[in-house]
Every structure is written in structure tokens, then in C-alpha cells.
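Subject: Structure for you to look at

Hello,

Here is the structure I said I would pass on. Please open it first and then read the notes below it.

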Amino acid sequence: MLFSQAFGLPVITADDATSVGKVADLTVDAHDATVAAVRLSGAADRAELAWSAVEAVGPDAVIVRSRVTAEQGQDRVPAHHRALGSRVLTEHGVEHGTVRDIAFDPVSGRILTLYTALGEIAGARLMGLGSYAMVVRADPA
């Protein structure tokens with residue numbers, strides 16, 4: 001699934017089918033190359049929920065286990081920096097365009113591919129994400 005496909009999806013609890021908001025953005029943990037959290041819009045009581053609370057991400061909704069699960073245990077969530085539109089730099093300081101979209105595994109949250117203006121980058125090459133840029137390992141070839 002692509003980040004752009006997840007944006008705007010309703011976030012629904014599995015146990016009582018109530019809405020807890022909509023996906024406003026996804027927080028990336030660059031250290032693990034995973035989605036760490038779902039940032040919410042339209043939520044009355046919280047701005048984000050940890051990825052560990054997510055049961056499934058489908059084409060029509062994100063399902064969380066329960067409202068209680070969604071409200072519990074904020075795992076270690078890194079600071080949010082918007083990934084889409086971020087400048088991409090290699091570890092050698094060479095610019096590689098900007099992030100146009102990101103493919104991720106909707107079950108594990110693993111970042112699979114970064115789609116940039118200058119081509120694709122495997123998610124495993126992700127090193128860091130901050131307010132200035134996303135840093136990736138240089139292409140070994």
C-alpha cells in the first residue's frame with residue numbers, strides 16, 4: 001500500500017465499529033524503516049496512535065483492535081516529520097530528489113520502497129528522517 005492511498009482512510013475500532021478519526025499522515029521510524037504511528041485528523045481525544053494498535057490496513061479503512069487498545073500504550077514513537085515531499089540525501093550528501101510516495105507493508109508497517117523524483121529506493125536503505133531531509137544509504141552499485 002502507498003502512503004497516499006492511506007491518507008483520509010477512516011480509522012475504525014474492531015470491537016464496536018466506532019470511528020476514532022481519519023488518517024492524516026503516517027509517522028516513519030527511520031531507524032527500523034517502519035511506520036511507527038498513524039496521525040489522526042478529526043479525532044476528539046488523540047492526535048496519533050501507535051502502529052502496534054493497528055489490526056489491519058485495507059483499501060477502505062484502518063482497523064484498530066479496540067478503543068481501549070488505541071488509547072493504551074503509546075510505544076516509543078519518534079518525532080513526526082512529514083515524509084512525502086521531503087528532500088532525499090544520500091549518506092554522502094548527494095541529493096536524490098524528493099519523496100513522491102512510499103510503499104509499505106500494511107500488516108507489518110515495514111517501509112518497502114521510496115518513490116522519489118529521481119527513481120526508486122529500497123526502504124532498507126532508509127537511515128534517517130528529520131525536518132531538513134530524509135537520508136538514505138548510497139546505492140552500492
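Is Arg39 buried, partly exposed or exposed? Arg39 counts as partly exposed, because its relative accessibility is 27%, and the class called buried ends at 20%. Please keep in mind that the model is predicted.

Salt bridges

Arg39 has a partner: Glu48 forms a salt bridge with it, and the closest N and O atoms of the two are 3.3 Å apart. The count of salt bridges comes to four, and I describe three of them here, including the one just named.

Glu55 is joined to Arg65 by another salt bridge, with 3.1 Å between the closest N and O atoms. Glu55 lies in strand 5 (residues 54-57), while Arg65 lies in the loop between strand 6 (62-64) and helix 2 (67-71), so this pair ties together parts that are 10 residues apart in sequence. Glu55 is partly exposed, because its relative accessible area is 46%. Arg65 is partly exposed too, at 37%.

Glu95 and Arg87 form a salt bridge as well, and here the closest N and O atoms are 3.5 Å apart. Glu95 has a relative accessibility of 42%, so it counts as partly exposed. For Arg87 the value is 31%, which again means partly exposed.

Aromatic pairs

The count of aromatic pairs comes to three. One of them is Phe3 with Phe7, an edge-to-face pair with 6.4 Å from centre to centre and 65° between the planes. Phe3 is buried, with a relative accessible area of 0%, whereas Phe7 counts as partly exposed at 22%.

Trp51 and Phe104 also form an edge-to-face pair, at 6.1 Å centre to centre and with 85° between the planes. Which parts of the chain does this pair link? Trp51 sits in the loop between strand 4 (48-50) and strand 5, and Phe104 sits in strand 8 (residues 95-104); the two are 53 residues apart, and the pair links distant parts of the chain. Trp51 is buried, with a relative accessible area of 9%. Phe104 counts as buried because its relative accessibility is 1%.

How many aromatic clusters do Phe3, Phe7, Trp51 and Phe104 form? These four residues form one cluster. When you view it, start at Phe3, which is buried, and then find Phe104, which is buried as well.

Regards

How values were computed: Residues are numbered from 1 along each chain as its sequence is written. This is a predicted model: local features need pLDDT of at least 70, side-chain atom pairs count only at pLDDT 80 or more; totals for chains, interfaces and linings use all residues. Side-chain values use heavy atoms; hydrogens and water are left out. A salt bridge is a side-chain nitrogen of Lys or Arg within 4 Å of a carboxyl oxygen of Asp or Glu. Buried means under 20% relative accessible area, exposed over 50%, partly exposed in between (1.4 Å probe, protein chains only). Helices (H or I, at least four residues) and strands (E, at least two) are DSSP runs, numbered from the N terminus. Rings of Phe, Tyr and Trp (its six-membered ring) pair if their centres lie within 6.5 Å; planes under 30 degrees apart count as stacked, over 60 as edge-to-face and the rest as tilted.
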